[in-house]
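Thank you all for making the time this morning. I would like to take you through a few helix contacts and then one enclosed space, so please have the sequence and the structure open as I speak.

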Amino acid sequence: MRTLLITGPGGTGRTTVAAATALAAARQGTRTLLLGADRDDTLGAVLGVRTGPAPAPVEPGLTVWCPDAAQGFRDGLAALQNRASSALDLLGASRLDPGELTPLPGADDLALLRALREAALAEAHDLLVVDLPPAPRALALLAAPEELRRCLRRLLPPQRQAARALRPVLGRLAGIPVPTEALYEATARWDLELAAAEAVLSDRDTAVRLVAEPGPAGADAVRATALGLALRGLRTDLLVANRVLPEDAPADSWLSGPLAQQRKTLEEWRGTYDVRAVAHLGRDPRGTDDLAALDVPGVNPDASPVEWPVTDRLAEDGVLVWHIPLPGAVREEVDLVRRGDELVVTAGPFRRVVPLPSALRRCTVDGAALRDGTLAVRFAPDPGLWPRGR
């Protein structure tokens with residue numbers, strides 16, 4: 001199944017473009033699922049149908065689904081209380097009634113990740129179009145599976161389960177129940193669920209489509225979002241310039257200023273991105289007829305995957321070079337820290353902890369340089385770890 005994640009600055013018609021993209025794909029014969037998590041049902045307003053926690057048909061080939069974050073939060077907490085019942089009884093804690101719970105901040109994003117995983121595993125559709133939150137929240141959501149899995153591995157390393165046979169003995173000696181087994185079982189389950197979501201996001205058939213209005217604010221937002229996506233290793237298929245004003249407006253009208261900004265931004269974007277313009281309808285699109293009139297571009301199957309190649313320059317310079325694409329990064333805002341077998345990469349406001357390829361783990365960092373939007377990190381072999389044959 002192909003997955004298309006759609007995001008962009010808030011208020012730029014991101015949800016409208018997501019709905020129009022899904023509709024266009026369905027009318028071309030592609031079984032399409034449109035997924036969103038906005039509590040205000042903006043997808044339903046754009047499509048002209050009511051959406052809910054159960055997948056609902058819009059027209060042949062198109063289904064829309066907005067999972068209920070509140071119900072998912074209540075169910076998850078109830079299950080957690082059941083699994084931790086012995087520890088709660090030991091502490092004398094009272095149980096929470098699911099009916100009194102309201103979702104915590106971030107519950108919508110977790111519900112969307114869970115629905116994304118379930119939709120991919122079901123394999124009932126050929127295309128999954130996901131209406132992500134606005135760009136800053138979307139970047140945090142896309143980073144969540146990898147970051148949470150890393151935290152779980154650091155807090156509860158799987159190798160510590162080797163002491164499983166000692167837990168009952170320790171429990172008897174201490175005179176209290178030791179809930180370690182249940183904790184590791186829960187951790188393994190969480191890791192499996194997060195791994196499934198991470199696999200969908202990192203799949204070669206997954207791409208991100210950016211939506212923005214051409215103008216100074218849109219240009220700044222696209223530059224920052226593209227950098228954040230590149231650091232996550234996510235590929236973009238297109239940049240949709242939304243709500244493009246007509247070029248035939250009278251020169252003395254109030255539109256002359258916005259048109260000049262639009263032309264300048266579009267020219268800059270076309271030198272960097274694969275840009276497709278979507279015209280302003282003169283009104284807020286409502287219903288499938290308006291969405292079809294937008295004439296949004298279809299899914300780009302030829303979008304190039306993001307590669308972080310390692311170049312062998314041992315013979316020439318005695319180093320291996322790891323190339324990390326960071327389009328739009330500024331030299332003064334890039335930082336690197338080697339920590340064991342990981343490299344902490346900071347680019348602007350974004351940070352990622354990346355496992356080193358196996359060959360580079362036996363090397364020391366020898367320097368780095370940022371040129372033409374690519375960070376080249378040099379690694380020199382450690383004589384104590386590198387094979388003597390090299």
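What follows is a walk through three helix pairs and then a cavity, and please keep in mind throughout that this is a predicted model.

Let me begin with helix 5, residues 107-122, whose axis comes within 10 Å of the axis of helix 6, the two crossing at roughly 55°. At that angle helix 5 and helix 6 are therefore oblique to each other, and the crossing in which helix 5 passes helix 6 is right-handed. If you look at the side that helix 5 contributes, you will find Asp-108, Asp-109, Leu-112 and Leu-113, and these meet Arg-137, Leu-141, Ala-144 and Pro-145 in helix 6. Sorted by class, this contact has five nonpolar residues and three charged ones, with no polar residues.

Staying with helix 6, which covers residues 135-155, we can turn to its packing with helix 9, residues 216-231, where the angle is about 5° and the axes lie 10 Å apart. That angle makes helix 6 roughly parallel to helix 9. Here Ala-135, Leu-139 and Leu-142 of helix 6 meet Thr-225, Gly-228 and Leu-229 of helix 9, and by class the contact holds four nonpolar and two polar residues, with no charged ones.

Helix 9 then leads us to helix 10, residues 256-270, since these two pack at an angle of about 25° with their axes 9 Å apart. Because angles under 35 degrees count as roughly parallel, helix 9 is roughly parallel to helix 10. On the helix 9 side the contact is made by Pro-216, Gly-218, Ala-219 and Val-222, which meet Gln-261, Thr-265 and Trp-269 in helix 10. These residues divide into four nonpolar and three polar, and none is charged.

Now for the enclosed space: how many cavities of 30 Å³ or more does the count give? The count comes to one, and the volume of the largest cavity is about 30 Å³. Its lining is made up of Arg-2, Thr-3, Leu-4, Asp-205, Ala-207, Arg-235, Asp-237, Val-299 and Asn-300. Which element gives the largest share of that lining? It is strand 1, residues 2-7, which supplies three residues. By class, the lining of this cavity has four charged, three nonpolar and two polar residues.

Notes:
Residues numbered from 1 in each chain as written. Predicted model: local features only at pLDDT ≥ 70, side-chain atom pairs only at ≥ 80, totals over all residues. Heavy atoms only, no water. Axes fitted to C-alpha atoms, helices over the stretch in contact; angles between N-to-C directions. Helix = DSSP H or I, 4+ residues; strand = E, 2+ residues; numbered from the N terminus. Parallel < 35°, antiparallel > 145°, perpendicular 65-115°, else oblique. Contact = heavy atoms within 4.5 Å. Nonpolar A, V, L, I, M, F, W, Y, C, P; charged D, E, K, R; others polar. 1 Å grid on protein atoms, 1.4 Å probe; cavity = no way out; pocket = protein on both sides within 12 Å on 5 of 7 lines; lining within 4 Å. Points joined across faces, edges and corners; volume = space filled by probe spheres on them. Left-handed = near helix turned anticlockwise from the far one by under 90°.
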